[in-house]
Amino acid sequence: MATQTMDKKVYTSYAPASIGNVSLGFDLLGAALKPIDGSKLGDEVEISEAASFSLQVKGRFADKLPTDPDSNIVTQCYHHYLRCLANKGIASATLPTVALVLHKHLPIGSGLGSSASSIVAAFHALNQFYTALVGKTLFDDNELLLMMGELEGQISGSVHYDNVAPCFMGGLTLMAEHQQQVALSLPIFKQWYWVSCYSGISVSTAAARAILPKQIPMATTIQFGRQLAVFIDALYRQDEKLAAAMMRDVIAEPYRKSLLPRFDDSREFAEQNGALAFGISGSGPSVFAVCDSLEQATIINQWLVNNYIQNDTGFSHICQLDQQGAVIY
Ligand code: HSE
């Protein structure tokens, strides 16, 4: 829904935080998060017509972004969107320019899909604005996802869709990485709670990828493939126990956990207190615990607040999966 301001349409896109990898699907699985207390956990981009392009950055984490708007990923999304329009034969000179406002609610380098959230909200808002203006859909969801992945790749050093896809589509997504079908929506366990805790320190995705080995042993490769295949099958059959048993990260966690103070203690506490699974959210430092009871989720959430959070910037939420993904209001 759009709001009217001085006869001009203003749209805002909200794009939720996400868990990349979900432990067992390195670069291939992602999940969108929605705090159960109704609070927002995601960035927003507001768009309106203006005489010249501008980007304003607001919100709790605005001061962590470069001050030069041209270096901001949202500005880069705007230029990329116009290039893609030009490739469709729509020259930017024939269209009005826009004023964008990024509300930066997610911390940078948190493992919550912060850059993906800004990118998704930006493309979603741009597409909504220009589609409404010309009166026909300019880019479909798959085309938008391809653009989002490309921009995410510019930030993290490699194109991977496991944050942008769940953030945009909602729920739990599997990457197909096919030109006509970038990602697929998977069934979920609606009764699961996902405790998501950000420790407050920053870990760059590029650095967290650099510490991983370039080659994976045969036995690990087979375990990875088996877990992912069985997990997907278990989702479709709603076999909660088998699905949870597959949620082991054999690719990244053994290396990345050294970057995360108190990771092993946190896993131990979560497992002893009924968590079905525990792992690193994306490239960290955020961690997540999956529970099938709110009581257990509450106990684990409190422990993580008291023990995993390192400073005032950290926070923790009990979430369920955000099944809507990016929304316009
Ligand atoms: N799949 C990516 C990684 C996610 O683990 O490097 C980053 O959020």
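Colleague: How many salt bridges does the count come to?

Modeller: This is a predicted model, where local features need pLDDT of at least 70, side-chain atom pairs count only at pLDDT 80 or more, and totals for chains, interfaces and linings use all residues. Residues are numbered from 1 along each chain as its sequence is written, and side-chain values use heavy atoms, leaving out hydrogens and water. A salt bridge here is a side-chain nitrogen of Lys or Arg within 4 Å of a carboxyl oxygen of Asp or Glu. By that rule, the count is 12.

Colleague: Which residue forms a salt bridge with glutamate 253, and is that partner buried or exposed?

Modeller: Glutamate 253 pairs with arginine 267, their closest N and O atoms being 2.8 Å apart. The pair joins helix α8 to helix α9 (residues 263-272), 14 residues apart; helices are DSSP runs of H or I, at least four residues, numbered from the N terminus. Buried means under 20% relative accessible area, exposed over 50%, and partly exposed in between (1.4 Å probe, protein chains only). Because its relative accessible area is 11%, the partner counts as buried: arginine 267.

Colleague: Where is glutamate 143, the residue that forms a salt bridge with lysine 88?

Modeller: Lysine 88 and glutamate 143 have their closest N and O atoms 3.1 Å apart. Lysine 88 sits in the loop between α1 (73-87) and β7 (97-103), 55 residues from its partner, and glutamate 143 is in helix α3.

Colleague: Which ligand atom lies 2.7 Å from a polar side-chain atom of aspartate 162?

Modeller: Asparagine 163 has a side-chain N or O atom 2.8 Å from an oxygen atom of the ligand. For aspartate 162, at 2.7 Å, the ligand atom is a nitrogen.

Key
A polar contact is a pair of N or O atoms within 3.5 Å; within protein, one must be able to donate a hydrogen and the other to accept it, and residues adjacent in sequence count only if both atoms are side-chain atoms. Helices (H or I, at least four residues) and strands (E, at least two) are DSSP runs, numbered from the N terminus.
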